[in-house]
Amino acid sequence: MGYSRGASLNLHEPGAVRALLDAASARGWRPEARRVVTIDGWSLLESAAAARAGSGFPGPPDRPR
């Protein structure tokens with residue numbers, strides 16, 4: 001998922017969904033509350049992508065063209 005220009009996040013990469021969950025937690029989401037909460041995932045994209053970029057976890061190798 002991503003913007004045409006700007007932050008992006010590949011949900012198939014290890015750690016990508018974790019970055020989204022961490023971003024949601026940083027904004028007050030608490031899974032232990034056991035209640036329904038609707039969060040717009042687009043609002044989490046930039047902080048999650050920044051966290052992934054700074055994590056030091058290598059992404060997938062570049063594909064040959």
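Modeller: Helices here are DSSP runs of H or I with at least four residues, numbered from the N terminus. Also, keep in mind that this is a predicted model.

Colleague: Fair enough. How many helices and how many strands does the protein chain have?

Modeller: Let's name the helices: α1 covers residues 16-26 and α2 covers residues 42-53. For the secondary structure of the chain, the count is two helices and zero strands.

Colleague: And R34, which part of the chain is it in?

Modeller: R34 is exposed, with a relative accessible area of 78%. As for its place in the chain, R34 sits in the loop between α1 and α2.

Colleague: What's phi for R34?

Modeller: Start with the usual case: most residues other than glycine have a negative phi. R34 isn't glycine, yet its phi is positive. The value for R34 is near 55°.

Colleague: Back to the helices. How is α1 oriented to α2: parallel, antiparallel, perpendicular or oblique?

Modeller: A helix pair is described by the angle between the axes and the distance between them. For α1 and α2 the axes are 8 Å apart and the angle is about 125°. Perpendicular stops at 115 degrees and antiparallel needs over 145. That leaves α1 and α2 in between, so the word for them is oblique.

Colleague: Is the crossing of α1 and α2 left-handed or right-handed?

Modeller: From α1, the contact uses A16, A19, L20, A23 and A24, while α2 brings L44, S47, A48 and R52. As α1 passes α2, the crossing is right-handed.

Colleague: How many of the residues in the contact of α1 with α2 are nonpolar?

Modeller: Take away the exceptions: one residue there is polar and one is charged. The nonpolar residues in that contact number seven.

Colleague: R52 of α2, then: buried or exposed?

Modeller: R52 belongs to helix α2, and a polar atom of its side chain lies 3.2 Å from the backbone oxygen of P14. The cut-off for buried is under 20% relative accessible area. R52 has 13%, so it counts as buried.

Colleague: What about L44, which residues does it touch beyond four places away in sequence?

Modeller: L44 is in helix α2, and at 6% relative accessibility it is buried. Its C-alpha is 9.8 Å from that of A26, with their positions 18 residues apart in sequence. Leaving out residues up to four places away, L44 touches L20, A23, A24, R27 and I39.

Colleague: How far apart in space are A49 and A7, C-alpha to C-alpha?

Modeller: A49 is another residue of helix α2, and its 14% relative accessible area makes it buried. Not counting residues up to four places away, A49 touches A7, S8 and L9. A49 and A7 are 42 residues apart in sequence, but in space their C-alpha atoms are separated by 6.1 Å.

Colleague: Zooming out, what share of the protein chain's residues is buried?

Modeller: We've already met L44, which is buried at 6% relative accessibility. The protein chain has 65 residues, and the buried share of them is 18%.

How values were computed: Residues numbered from 1 in each chain as written. Predicted model: local features only at pLDDT ≥ 70, side-chain atom pairs only at ≥ 80, totals over all residues. Heavy atoms only, no water. Axes fitted to C-alpha atoms, helices over the stretch in contact; angles between N-to-C directions. Parallel < 35°, antiparallel > 145°, perpendicular 65-115°, else oblique. Left-handed = near helix turned anticlockwise from the far one by under 90°. Contact = heavy atoms within 4.5 Å. Nonpolar A, V, L, I, M, F, W, Y, C, P; charged D, E, K, R; others polar. Buried < 20%, exposed > 50% of the residue type's maximum accessible area, 1.4 Å probe, protein only. Polar contact = N/O pair within 3.5 Å; in protein donor to acceptor, adjacent residues only side chain to side chain.
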